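This briefing introduces a protein to a reader who has not met it before. Please keep the sequence and the structure in view while reading.

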Amino acid sequence: MLLGMDLSLWPRVQKLFVDWGYRGLKGLASSLGLELEVVARPYAGVRGVWVREGEEAPELPRERGFKPLPKRWVVERTFAWLGRNRRLAKDYEANPGVSEAWVYLGMLRLLVKRLARAA
């Protein structure tokens, strides 16, 4: 996906925030001149570890309760805003350009509502 992109269209993009499943793309991102930051829980989904017989298992740090992950809540919140628009609630557009246009319209609608409220 990154290899086919023309990064000159987005000159300000310097950093990519990715989920734990995309951690293997660090080399590809660095070859393109991008910094890749993996947004994951502190324990990264590890539930246990294998140890040799006779060795003691290390203590795994665990956090209790809900903790929003850095930067991830921004993406989830944006998807929630876009999901409030009927055409963007389901992905049934055949042409990706049409979907992109509806995303722009959905965000414009959100911004116009906020500007009208502020005025």
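What percentage of the 119 residues in the protein do buried residues make up? Buried residues, meaning those under 20% relative accessible area (exposed is over 50%, partly exposed in between, with a 1.4 Å probe and protein chains only), account for 12% of the 119 residues. The model is predicted, so local features need pLDDT of at least 70 and side-chain atom pairs count only at pLDDT 80 or more, whereas totals for chains, interfaces and linings use all residues. Residues are numbered from 1 along each chain as its sequence is written, and side-chain values use heavy atoms, with hydrogens and water left out.

**Architecture and confidence**

- The protein contains 4 helices and 2 strands; these are DSSP runs numbered from the N terminus, with helices (H or I) of at least four residues and strands (E) of at least two.
- Along the sequence, the elements follow the pattern β-α-β-α-α-α.
- The average pLDDT of the protein is 81, and 90% of the residues score at least 70; pLDDT is the predictor's confidence in each residue, from 0 to 100.
- Among the elements, helix 4 (residues 96-118) has the highest mean pLDDT, 90, while helix 3 (residues 86-89) has the lowest, 79.

**Salt bridges**

- Side chains of opposite charge can pair when their charged atoms come close.
- The count of salt bridges is 2, where a salt bridge is a side-chain nitrogen of Lys or Arg within 4 Å of a carboxyl oxygen of Asp or Glu.
- In one salt bridge, Glu35 pairs with Lys15, and the closest N and O atoms are 3.8 Å apart. Because Lys15 lies in strand 1 and Glu35 in strand 2 (residues 35-38), this pair ties together parts that are 20 residues apart in sequence.
- Lys15 also forms a salt bridge with Glu37, with 2.7 Å between the closest N and O atoms. This pair links distant parts of the chain, Lys15 being in strand 1 and Glu37 in strand 2, 22 residues apart.
- Through shared partners, salt bridges join Lys15, Glu35 and Glu37 into one network.
- Each member of the network counts as partly exposed: Lys15 has a relative accessible area of 34%, Glu35 has 46% and Glu37 has 29%.

**Surface patch**

- A nonpolar patch on the surface is formed by Met5, Leu9, Trp10 and Val13, which together have about 380 Å² of accessible area.
- Patches are made of residues with over 30% relative accessible area and no salt bridge; like charges are joined within 9 Å, and nonpolar side chains (Val, Leu, Ile, Met, Phe, Trp, Tyr) within 5 Å. Accessible areas come from the Shrake-Rupley method with a 1.4 Å probe, and for residues only the protein chains shown count as cover.
- Met5 belongs to the segment before strand 1 (15-18), and its relative accessibility of 32% makes Met5 partly exposed.

**Contacts and individual residues**

- Arg114 lies over the face of Trp81, 4.6 Å from the ring centre; a charge sits over a ring if NZ of Lys or CZ of Arg is within 6 Å of the ring centre and within 35 degrees of the ring normal.
- Leu34 is located in the loop between helix 1 (26-31) and strand 2, and counts as buried at 8% relative accessibility. The C-alpha atoms of Leu34 and Gln14 are 5.1 Å apart in space, although the two residues are 20 residues apart in sequence.
- Thr78 is placed in helix 2 (residues 72-83) and is partly exposed, with a relative accessible area of 24%. Between the C-alpha atoms of Thr78 and Met107 there are 9.0 Å, and the two are 29 residues apart along the chain.
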